[in-house]
Amino acid sequence: MSELARIDAEHRGSLCVIRLHGEVDISNDREVLAAIETAVPHSALRLIVDLTHTTYLDSAGLALLLRLAERLQARRQQMRIVAPLGSPVRTVLELTGMLGVIPVEGRLEDAVRESEQGDGRQESS
Amino acid sequence: MGAGESTPLKTPGGLAQTFRSDPLNYMAKTLIVASAYYLSARLGLRVALIERNVTPLWPPTGIALVAFLVFGRALWPGVALGAFAVNLPITNGLAAAATAAGNTLAPLAAASLLIRVGFRREIDRLWDAVDIVFLGALLSMLISASVGAGTLLVSGVISAHEFPAAWAVWWTGDAMGVLVVAPFLLSLFQRPWSGSLRERAEGAALLLLVAVVSLLVMNTDRGLMFLVIPILGWTAWRFQQRGAAPAALIAAGIASWAAAQGLGPFRQGTLFEKMITLQSFDATVAFSSLFFAALVTERMRDREALERAADELEMRVTRRTAELSAANELLKREIVERHETDRRLRQREGQLAEAQEAAQVGSWEWLIPENRVSWSDEMFRIHGFLPQEFPLTFEKALAQVAEDDVVRIRASVKAALERGRGQHLPDIEYRIVRPDGVERVLRGKAKLNVGSNGQPLRMIGTVQDVTESKMAEREHRIAETLQRSLLPDRLPEVPGVMLTARYVPATSDMEIGGDWYDVMQLPDGLVGLAIGDVAGHGLRAASTMGQMRMALRVCALEERSPNRVVTRLRHLVRGQLDADFATLVYLVFDPDSGMVRFANAGHPPPLVVRGTDGATYLEGGLGPPLGAVGFPDHHLDVTYHLAAGSTLFLFTDGLVERRGATIRDGLDRLKTLVAVSDEDLEAMCDHLLFEMVGSDVSDDVALLAFRPVLLAREPLLLRLPAEPHVLAPFRWTLRRWLREIGASPQIANDILVASGEACANVIQHAYGAKEGLLEVDLVVLDGTVEVTVRDRGAWRPSDGRGTGYGERLIRGLMDSVDVKSGSGGTVVRMRRRLQAGSQGERARPH
């Protein structure tokens, strides 16, 4: 993995939290995607990509997130994004209308709670 | 006269000529001779013994002879005239004429004979005396005696029985006239006498003595006439003919006079007895004086000649001796010089041999026509033999050379010989194998000498054993290559940071050191700088240094803290690396904040120059060198704020270590130099190296200098390769620039993302597979940032990956966007006001 960005993964049962540190652009988007795919186990039903420590994200990063979300959806896995309000990444997500495509929370706790509730809703429906 | 002309005259030969040209002179001389003859005859007749016409001493014959000898026989008429005049009164005319003819013929014959035999008038040789006595007197006077006595007989003056006596008296008288008078007269015609006054007085006294003694003995009855002889002898001894002739004349004259007067010894006896006595006396006197004088003269001359010869001999001997001794001196000097030259030559040969031994240089000579090769002692030693162990030829000299090298040597020699002129051969390196099997590498130099018509005469040359230096040179070359390859070939370009490095290898062969440096671009725009020195020299140090550099690169990517990087290296050196000892400064610079964090492992401290504020060494954070044991690992990073415009130097000890000066002196000197140095970073480094190191680099020197500069002073103009990996450093630079121009974090991020998108588009779409340039210009105009992103390529259709988000982002983040695309490329110009107000105008979907 390049020195530009790195990830760490945290597993809480069927929930997997991926924290993306650093910057994502066309020079490392594929590596980052591959790293996240590797880090997410098949057993994980829910994925949270935490962009709190992501210092730069452009359209290549957005494309990465979309592709990841599509792939998870095909596997019946759901994905949420954490992007603090007013952060550089949040602006990018807002401007590109990503908020209507992938659920975006401002804080990780909110995302975890929403994820669990959504899960329960899914299970109950 | 005809006879006079036809006979060659030794005596003044000009008379005949004189006669022709000057008859008056001739006549005068003839008359003088005639008169002299007549007068002397009258005088002679006064002493006549018989009838007044036969006289025992007849001077005229002497006069006539001398006249002929001195003035020439052409004067005979004078003689004839005188003789006729003398005889005419005595007899009748006819008898007088006959007698005169006889009296003329006799001296004429005498003169002719004497001239013929080479008579000398000086009578200084015995032969002259003999000639005048026998030829001039006794023989010639037979004529006058016979003619005269015969005339007397014919004319009846004497009877037949008186004839013998008359003839004898006539003959002896005439002969005595010649003997007594002629020498005297001849002596008068010699060179003027150069005798001293005393000698003249002595001569006169002797002549007087002759006269006195003669008179005395003539006046006594006792037979004492012989007493005159010793005095004559004495006179002849002392003065030769000069004295003898007059003395003889005086003695004979007085005796004749005495005989005529009948005095003393001539008082008794018959006429014949008197005649015998007188003639004997006269003859004795004449003979004695004549012969004695001639003898003495001859002896004296001989003695003089002998003396002259002796003198000459002596002179020649002296001269020859001098020459010999000079030659001898020269020879001695030459011998001494030869000795000295010899000694010097031997000394020089000795020195040469020593020098050859010391330099391991052998010399050789090849006399080509004789194919004789000679080697110096060192040449033998180089080849592994004892000096002069065996005689050599060209072939034998090459016996130990490696085969392929022999071919090269032969080719080189052949080419030189074919060129046929004096020349230096190209230097050649070749291998030999010594008898003990050791291989050595030699370097040969050679020179060919040729004769006047180009024929090769000899080749001389030197050979040096370069085995050690070849090996050292090879290792040095490898080490240097390795070291160069291990040092960064170019430094990363970090916007806002000026950076330069110098590496100067040691000049001496084996001093390739383990000095190294490195500059890395680290995550988040950080710059890592390292400088280090591995102990030792040569290949090992160079390879250790390479390992160290790689290890540091790996650690630097993983660890942010310089101290932790150094600590990891410390463990590595202790356990893994092939190094005993190494020093290192590792420093991380954050261009964003201007903060420097560093750790130092026993290395000379970094030096900071803050504009005109002076220089400071950053001496904190110092730990022990890598490889040193027993020190704790815990050290803290030292931080330092490096303001824009400050310069930081990292260097190795080669820069500050000089022979004869402490390292502290060197550090102080460097500090002083830096404080007054140029502003230009490159010039500064060159200046430092020049001043601190000069041309004699005893140890390697590495020098790294960097200086952060304020980006915001000017528009940011970036020319980057259109490659994905430039995007991150581009953003770091852009962030810093935006912060420095005072953009808010929010706005800075908007501009950053929009610019990043535009650049990513260029990288992805403008050039395809080709290399291309990405040009980004950022300027601030009236509170608005204008970003221009330009490419020179042709856009290809989007592959859909971007899904239009990029354009949406750009338009959403910036106040205005203007895209112009053409055949020469595409220009995207974007503007964003720095005032926060503009943000509110933008509609943002929430």
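Me: How many helices and strands are there in chain B, and what makes a stretch count as one or the other?
Reply: Chain B has 24 helices and 21 strands, where helices (H or I, at least four residues) and strands (E, at least two) are DSSP runs numbered from the N terminus. This is a predicted model, in which local features need pLDDT of at least 70 and side-chain atom pairs count only at pLDDT 80 or more, while totals for chains, interfaces and linings use all residues. Residues are numbered from 1 along each chain as its sequence is written, and chains are lettered from A and ligands numbered from 1 in the order in which they are written.

Me: What makes residues of α8(B) buried, and which are they?
Reply: A residue is called buried if 20 or more other C-beta atoms, placed from the backbone, lie within 10 Å of its own (exposed if 12 or fewer, partly exposed in between). In α8(B), the residues that meet this criterion are Met141(B), Ile143(B), Ser144(B), Ala145(B), Val147(B), Gly148(B), Ala149(B), Thr151(B) and Leu152(B). Their cover includes α4 (59–71), α6 (93–117), α7 (126–139) and α9 (163–188) of chain B, and buried residues make up 39% of the 846 residues in chain B.

Me: How do you know that the length of helix α8 of chain B agrees with its 14 residues?
Reply: The expected span is 1.5 Å times one less than the number of residues; for α8 (residues 141–154) of chain B that gives 20 Å, and the end C-alpha atoms are 19 Å apart, so the two agree. Just after α8(B), Gly156(B) takes a positive phi of about 80°.

Me: Why are β6 and β12 of chain B called edge strands?
Reply: Two strands pair if DSSP finds at least two bridges between them, and β6 (497–504) and β12 (615–617) of chain B are edge strands because each pairs on one side only. They belong to an open sheet of 5 strands with antiparallel pairing, in the order β6-β16-β15-β11-β12 (chain B).

Me: How do you know that β11 and β15 of chain B pair?
Reply: Strand β11 (residues 607–609) and strand β15 (residues 647–651) of chain B share 3 bridges in the antiparallel sense, which satisfies the requirement of at least two. Within this pairing, Val609(B) stands opposite Thr647(B) in β15(B). Helix α19 (residues 663–675) of chain B packs on the sheet, touching β11, β12 and β15 of chain B.

Notes
Two residues are in contact if their C-beta atoms, placed from the backbone, lie within 7 Å. Axes are lines fitted to C-alpha atoms, for helices over the stretch in contact, and angles run from 0 to 180 degrees between N-to-C directions.
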